[in-house]
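Work through the exercises below with the structure open beside you. Try each task before reading its solution.

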Amino acid sequence: NRRMHPQDTTVEIAPGVVIGGKKIVVMAGPCSVESREQIIDVAKHVKEQGATVLRGGAWKPRSSPYSFQGLKAEGLELLHEAHKETGLPVVTEITNPKNIELFMDKCDCFQVGARNMQNFDLLKELGQTRKPVLLKRGFANTMEEFLMSAEYVMAGGNENVILCERGIRTYETYTRNTLDISAVPVLKRMSHLPVVVDPSHAGGIYWMVEPLAKAAIAAGADGLIIEVHNDPAHALSDGAQSLTYDSFQETMTSIRRIAEAVGREV
Ligand code: PEP
Ligand code: MN
């Protein structure tokens, strides 16, 4: 907490890729890894536009058991190939502590999804590693609960935790979730950890990503995690909220302006 850490801490995902510094880190990529061609193509494009971390899901926790569940170990391997091809560090979701060993050499940052924010066995096991953890806020969890989940990881000795606000469930149905923009200043005040925002899962529709991303940077977020797809209309998951390469480029241009206005850079 703040008493023990008056200074903000930073998390280094890979050499030179630091979350929580002057530079705003953009993590981008598809919701799910779908094929070798897809993930390598997306990785190259987002890198070209200024993203410094590649995202992509291999294990996908879906609401329906009949929806695409991810390529699993093969997807993880393809992410690693995309990393070797582009140099981008990789963040990918882990859903079960039994897979930690497998993930260790294949990614640079664990993602804990909203649905697993209080999977305490998973959090405790991740706390035994020293690999960064991007912890997403559960869609019905308070900030206090969110911070306690971060403590579960840190209590094991792994202080490389990045908080991620990705929208919460409210009475509003127009948006997929309601982006709790106040989480940014509140979390930054209550904790020393870097805070990133996921405008994709918050809005749930592609045209909302850019304005929500701008709001996040203006509110003080240290980074963004954005879904970008080579062909959103045919995506195996979250196509509606995925940006095309062109719209990602436009989004990067407009967030650079906001970053500059608040004394930071993308
Ligand atoms: C994701 O990042 O693809 C994802 C499943 O996010 P969340 O856990 O926030 O729903
Ligand atoms: Mn998704």
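The exercises that follow go from the overall fold to single residues, and the model they treat is a predicted one.

**Exercise 1. Overall build**

Task: Find how many helices and strands the protein has, and decide whether its radius of gyration agrees with a compact globule.

Solution.
- Step 1: Count the elements. The protein has 9 helices and 10 strands.
- Step 2: Take the expected value. For 266 residues, a compact globule would have a radius of gyration near 18 Å.
- Step 3: Compare. The protein has 17 Å, which agrees with a compact globule.
- Step 4: Add the outline. Along the principal axes, the C-alpha atoms fill a box of roughly 50 × 45 × 40 Å.
- Step 5: Check burial. Of the 266 residues, 51% count as buried.
- Step 6: Look at contacts with a separation of 6 or more. Residues 24 or more positions apart account for 67% of them.

**Exercise 2. The barrel**

Task: Trace the closed barrel and state how its strands pair.

Solution.
- Step 1: Follow the order. The barrel has 8 strands and runs E3-E4-E5-E6-E7-E8-E9-E10.
- Step 2: Read the direction. The pairing is parallel.
- Step 3: Add the twist. From one strand to the next it averages 25°.
- Step 4: Recall what holds such strands. Strands of a sheet pair through backbone hydrogen bonds, parallel or antiparallel.

**Exercise 3. Strand E3 and its partners**

Task: Identify the strands that pair with E3, and say how E3 is covered.

Solution.
- Step 1: Start with E10, residues 223–227. E3 and E10 pair in the parallel sense over 5 bridges. Val25 stands opposite Gly223 there.
- Step 2: Turn to E4, residues 53–55. E3 and E4 run parallel and are joined by 2 bridges. Ala28 has Leu54 of E4 as its bridge partner.
- Step 3: Include the helix. E3, helix H1 (residues 36–49) and E4 make a right-handed β-α-β unit.
- Step 4: Check both faces. Val25, Met27 and Gly29 lie on one side of E3, Val26 and Ala28 on the other, and all are buried.

**Exercise 4. Strand E7 and its partners**

Task: Describe how E7 pairs with E6 and E8, and find the helices in the matching β-α-β units.

Solution.
- Step 1: Take E6 (residues 109–112) and E7 (residues 133–136). They run parallel, joined by 3 bridges. Phe110 has Val133 as its bridge partner in E7. Gln111 stands opposite Leu134.
- Step 2: Move to E8. E7 and E8 pair in the parallel sense over 4 bridges. Here Leu135 stands opposite Leu163.
- Step 3: Name the helices. Helix H4 (residues 120–127) joins E6 and E7 in a right-handed β-α-β unit. Helix H5 (residues 143–154) takes part in a right-handed unit with E7 and E8.
- Step 4: Check the faces of E7. Val133 and Leu135 on one side are buried, and so are Leu134 and Lys136 on the other.

**Exercise 5. Helices across strands**

Task: Find the strands that H2 and H6 lie across, and give one angle for each helix.

Solution.
- Step 1: H2 (residues 73–86) lies across E4 and E5, running at about 170° to E5.
- Step 2: H6 (residues 183–190) lies across E8 and E9, running at about 165° to E9.

**Exercise 6. The nonpolar core**

Task: Give the number of residues in the largest nonpolar core, and find the helix that gives the most to it.

Solution.
- Step 1: Recall the background. Nonpolar side chains tend to be buried together in soluble globular proteins.
- Step 2: Size the core. It has 77 residues. Those with the most contacts inside it include Val26, Leu135 and Ile226.
- Step 3: Find the helix. H8 (residues 206–219) gives the most, with 6 residues.
- Step 4: Zoom in on Val26. Among the residues it touches are Gly50, Leu224, Met252 and Val266.

**Exercise 7. Two positive phi values**

Task: Locate Lys72 and Asp238, and decide whether each is buried or partly exposed.

Solution.
- Step 1: Recall the background. Most residues other than glycine have a negative phi.
- Step 2: Take Lys72. Its phi is positive, about 55°. Lys72 is in the loop between E4 and H2. Lys72 counts as partly exposed because it has 15 C-beta neighbours inside 10 Å.
- Step 3: Take Asp238. Its phi is also positive, near 55°. Asp238 is in the loop between E10 and H9. With 20 other C-beta atoms within 10 Å, Asp238 is buried.

Conventions:
Residues numbered from 1 in each chain as written. Chains lettered and ligands numbered in written order. Predicted model: local features only at pLDDT ≥ 70, side-chain atom pairs only at ≥ 80, totals over all residues. Rg over C-alpha atoms; globule rule 2.2 N^0.38 Å. Buried ≥ 20, exposed ≤ 12 C-beta atoms within 10 Å, placed from the backbone. Contact = placed C-beta atoms within 7 Å. Core = buried A, V, L, I, M, F, W, Y, C linked by C-beta atoms within 7 Å. Pairing = 2+ DSSP bridges. Right-handed = clockwise from strand over helix to strand, strands pointing away. Axes fitted to C-alpha atoms, helices over the stretch in contact; angles between N-to-C directions. Lists of a residue's contacts leave out its neighbours within four places in sequence.
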